[in-house]
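Me: I would like a close look at a single helix. Please explain the terms as you go.

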Amino acid sequence: KNKEKQEVSLFRGVKGIKKVLSNILDSKEFWVIGVSNDSIDILGETYWSNFNVKRDSKKIKEHLLINSDLKNIVGIKSNKNSLHKILPSELTQPTEIMMFNNKVAILVYTTNPIGLVIENQQLFDTFRKQFDFLWNISKK
């Protein structure tokens, strides 16, 4: 029986988080649970504006579940490649969980941010099911 690929990587600091996010720009599609104000505060509006321009130019499809308290959408636009909904307020979280290319990234936006990336098909599938469940109970 073939063993499925598994790997865990830890990223530290703003540069580490940006490295994780650059990997998303090599995917065709990604999903995020908990788009937060903290990610904008830590990485800055310019970073996110540039990220969205690159994502748009590559036609990468994003599915975003946004925290209900998000104040600044920094270029998030609804179109065929960018779908988003707002999480119920009781599910607001300080982390972002991203799924892409059979990987799950957990990004913690604190003063010294950290990111954990786990490559595992079963974990990816589990988080996608959670995303789909949350998508169905979230508001447009």
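Reply: What follows is an account of helix α4 and its surroundings. This is a predicted model, in which local features need pLDDT of at least 70, side-chain atom pairs count only at pLDDT 80 or more, and totals for chains, interfaces and linings use all residues. Residues are numbered from 1 along each chain as its sequence is written, and side-chain values use heavy atoms, with hydrogens and water left out.

Helices (H or I, at least four residues) and strands (E, at least two) are DSSP runs, numbered from the N terminus. Helix α4 takes in residues 121-137, 17 residues in total. From first C-alpha to last it reaches 25 Å, close to the 24 Å expected at 1.5 Å a residue; the expected span is 1.5 Å times one less than the number of residues.

At the start of α4, a side-chain oxygen of asparagine 120 comes to within 2.9 Å of the backbone nitrogen of glutamine 122. Such a polar contact is a pair of N or O atoms within 3.5 Å; within protein, one must be able to donate a hydrogen and the other to accept it, and residues adjacent in sequence count only if both atoms are side-chain atoms.

Phe124, Phe127, Phe131, Leu134 and Trp135 of α4 are buried (under 20% relative accessible area; exposed is over 50%, partly exposed in between; 1.4 Å probe, protein chains only). They are on the same side of α4 because they cover an arc of only 105° around the axis, taken from the directions from the helix axis to the C-beta atoms. An α-helix has 3.6 residues a turn, so residues three or four places apart point the same way.

The buried residues of α4 pack against β2 (29-35), β3 (61-66), β4 (82-86), β5 (95-100) and β6 (103-108), where contact means heavy atoms within 4.5 Å. On the face turned away from the buried side, α4 carries the exposed residues Gln122, Lys129, Phe133 and Asn136.
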